[in-house]
Amino acid sequence: MVILLQNPAFGVPQIRALTEIFNRKSAQLRDIMSREIGEGSRIDVFGWLRKMTLDVIGEAGFNYKFNALQPEGQTNDLEDAFTRLMHSPQSQRHNVTRLLQAEIPILAFLPAPGRKVVEEAREKMVNIAKKLLADSQADIKTGGVSGTQRDLLSLLVQSNTSNNIQEHQRLSDAEVIAQIPTFFVAGHESDTATAVALHALSIHPSVQSKLRDELSSLATDEPTMDELNSLPYLEKVIRETMRLYPPVGFSMREAMENDVLPLSKPYFDRYGKTYDSITIRKGTAIRIPISAVHRDKTIWGADAADFRPERWDNIPEAASVIPSVWANLMTFLAGPHNCIGFRFSLVEIKSILFTLVRAFEFEPAVPEDAIGFSPTPVRRPKVTTEPNGGNQLPLIVRPFLKT
Ligand code: HEM
């Protein structure tokens, strides 16, 4: 992973070059949704975003065309495997069991559920990964990374073969291949983030129209990365979405050494004894409660549970100590294993919201309290009153008609 982290593939210039792909795929999604809704109807926005973001990570990450954004019925093999692995009602039950197995050691002796589906998806991903790496290496041998080879894998392969890195830093082919499935999975988490942003906008119509006004102020359908980043209200809406509904709700770490963790505020035990630190033994599993930190009233104030993009005009001093790589939030975590794709994801989400919110109006399709989230680290949306619906986010979508 060293080389991935040192690699320029996730830097600002690379993401700027990928914005064309984000815009093109967003426009394709807009046109498909437009045909699907006619004058307005309920659609599963999450399902379409999932397909779109898979297409994006395929093309932007690996110069690979998933063609997931096809009319219903013409599905892609790997996309099918992903759906069964991560989004079906059965996979949700399997995920809960796997989560319990991770947290309660004795349960790990039970056979992991859904193993066949996991193995099938993994095999498909590894086969594609091998082919992608071979193609990318062949392209680079013949001509180097050209304008059309701006995908992250080509950049990685080029930098991996460069004379500027030391021998011990080079990844073997097997190591590069092992990274690719992680990217397929991690690289399309923008679907959850964008779906919950649209959910938040559907239940806050005044925020939705204020955002649409700002987005309409740009006289183009194909904004550059710098233009997208120049829209302050869009930035605030995304920050507020990522605060209130972080797609990754928690993470786990294991202490590698005995340690003592100092506390910013002391706590008392039941005998009234005060402690200003916690002793942690080597091997202790620690849960990092991302969602809880983002909704903590002692940090964000009494309205911490409310969706209020304006709070970003003036964030509380207490938020400045949250470990973070972006916006005083733990959405992309912090430290050596923070999310490598966070800049990629933010521009992708901006491009999708820019395109969809200018074209459509979004209203809730089910009561607000029927929208729930899977209990796994990645909190994908579902409808609690439709237990057989798998992951979904239904909304009533209508064409936005300028008056
Ligand atoms: C809104 C979208 C996203 C969110 C919320 C998100 C969040 C996260 C979080 C919390 C982690 C740390 C997990 C842990 O260590 O426990 C992580 C890791 C990672 N993310 Fe993302 N991510 C997003 C999008 C992306 C995209 C678009 C890519 C790739 C293009 C990506 C690639 C990765 C990779 C490779 C790692 C592993 C990094 C490492 O272990 O060193 N992510 N992500």
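The following questions and answers go through contacts and surroundings of residues in a predicted model.

User: How many salt bridges does a search of the whole structure find?
Analyst: A salt bridge needs a side-chain nitrogen of Lys or Arg within 4 Å of a carboxyl oxygen of Asp or Glu. A search of the whole structure under that rule gives a total of 19.

User: How far apart in sequence are Asp 226 and Arg 16, which form a salt bridge?
Analyst: The closest N and O atoms of Asp 226 and Arg 16 are 3.0 Å apart. Asp 226 belongs to helix α11 (residues 225-229) and Arg 16 to helix α2 (residues 12-37), so this salt bridge links distant parts of the chain, and the separation is 210 residues.

User: Is Asp 226 buried, partly exposed or exposed?
Analyst: Buried means under 20% relative accessible area and exposed means over 50%, with partly exposed in between. Asp 226 has a relative accessibility of 40%, so it counts as partly exposed.

User: Which residue meets Glu 189 in a salt bridge?
Analyst: Glu 189 lies in the loop between α8 (173-186) and α9 (190-203), and its partner lies in the loop between β7 and β8 (381-383), so the pair ties together parts that are 191 residues apart in sequence. The N to O distance is 3.4 Å, and the partner is Arg 380.

User: Is Arg 380 buried or exposed?
Analyst: The cut-off for buried is under 20% relative accessible area. Arg 380 has a relative accessible area of 7%, so Arg 380 is buried.

User: What is the distance between the closest N and O atoms of Arg 311 and Glu 240?
Analyst: Arg 311 is in the loop between α14 and α15 and Glu 240 is in helix α12, so their salt bridge ties together parts that are 71 residues apart in sequence. Both Arg 311 and Glu 240 are buried. The closest N and O atoms are separated by 2.9 Å.

User: Which residues do salt bridges that share partners join into one network with Glu 240?
Analyst: The salt bridge between Arg 311 and Glu 240 is part of a network. Bridges that share partners join Glu 240 with Arg 243, Asp 303, Arg 308 and Arg 311.

User: Over the face of which residue does Arg 243 lie?
Analyst: Arg 243 belongs to the salt-bridge network that includes Glu 240. Arg 243 is also 5.4 Å from the centre of a ring, and that ring is the one of Trp 300.

User: Is the aromatic pair of Tyr 245 and Phe 373 stacked, tilted or edge-to-face?
Analyst: The ring centres of Tyr 245 and Phe 373 are 6.0 Å apart, with 40° between the planes. Planes under 30 degrees apart count as stacked and over 60 as edge-to-face, so this pair falls among the rest, which are tilted.

User: How many residues apart in sequence are the parts that Tyr 245 and Phe 373 tie together?
Analyst: Both Tyr 245 and Phe 373 are buried. Tyr 245 lies in the loop between α12 (232-244) and β2 (251-254), while Phe 373 lies in strand β7 (residues 371-373), so the parts tied together are separated in sequence by 128 residues.

User: Which residue has its charged end over the ring of Tyr 245?
Analyst: The ring of Tyr 245 also pairs with Phe 373. A charged end sits 5.9 Å from the centre of the Tyr 245 ring, and it belongs to Arg 295.

User: Which residues do ring pairs link into a cluster with Phe 332?
Analyst: Phe 332 and Phe 342 have ring centres 5.6 Å apart and planes at 40°, so the pair is tilted. Phe 332 is buried at 9% relative accessibility, and Phe 342 is buried at 12%. Ring pairs link Phe 332 into a cluster with Trp 326 and Phe 342.

User: At which residue does UniProt place the feature "binding site"?
Analyst: The residue is found in the loop between α14 and α15. The annotation comes from an unreviewed UniProt entry, and the residue is Cys 339.

User: What is the phi of Asn 328?
Analyst: Most residues other than glycine have a negative phi. Asn 328, in the loop between α14 and α15, is not a glycine, yet its phi is positive, at about 55°.

Technical notes: Residues numbered from 1 in each chain as written. Predicted model: local features only at pLDDT ≥ 70, side-chain atom pairs only at ≥ 80, totals over all residues. Heavy atoms only, no water. Phe/Tyr/Trp six-rings, centres within 6.5 Å; stacked < 30°, edge-to-face > 60°. Helix = DSSP H or I, 4+ residues; strand = E, 2+ residues; numbered from the N terminus. Buried < 20%, exposed > 50% of the residue type's maximum accessible area, 1.4 Å probe, protein only. Lys NZ or Arg CZ within 6 Å of the ring centre and 35° of its normal. UniProt positions renumbered as here; feature names shortened; annotations may be inferred.
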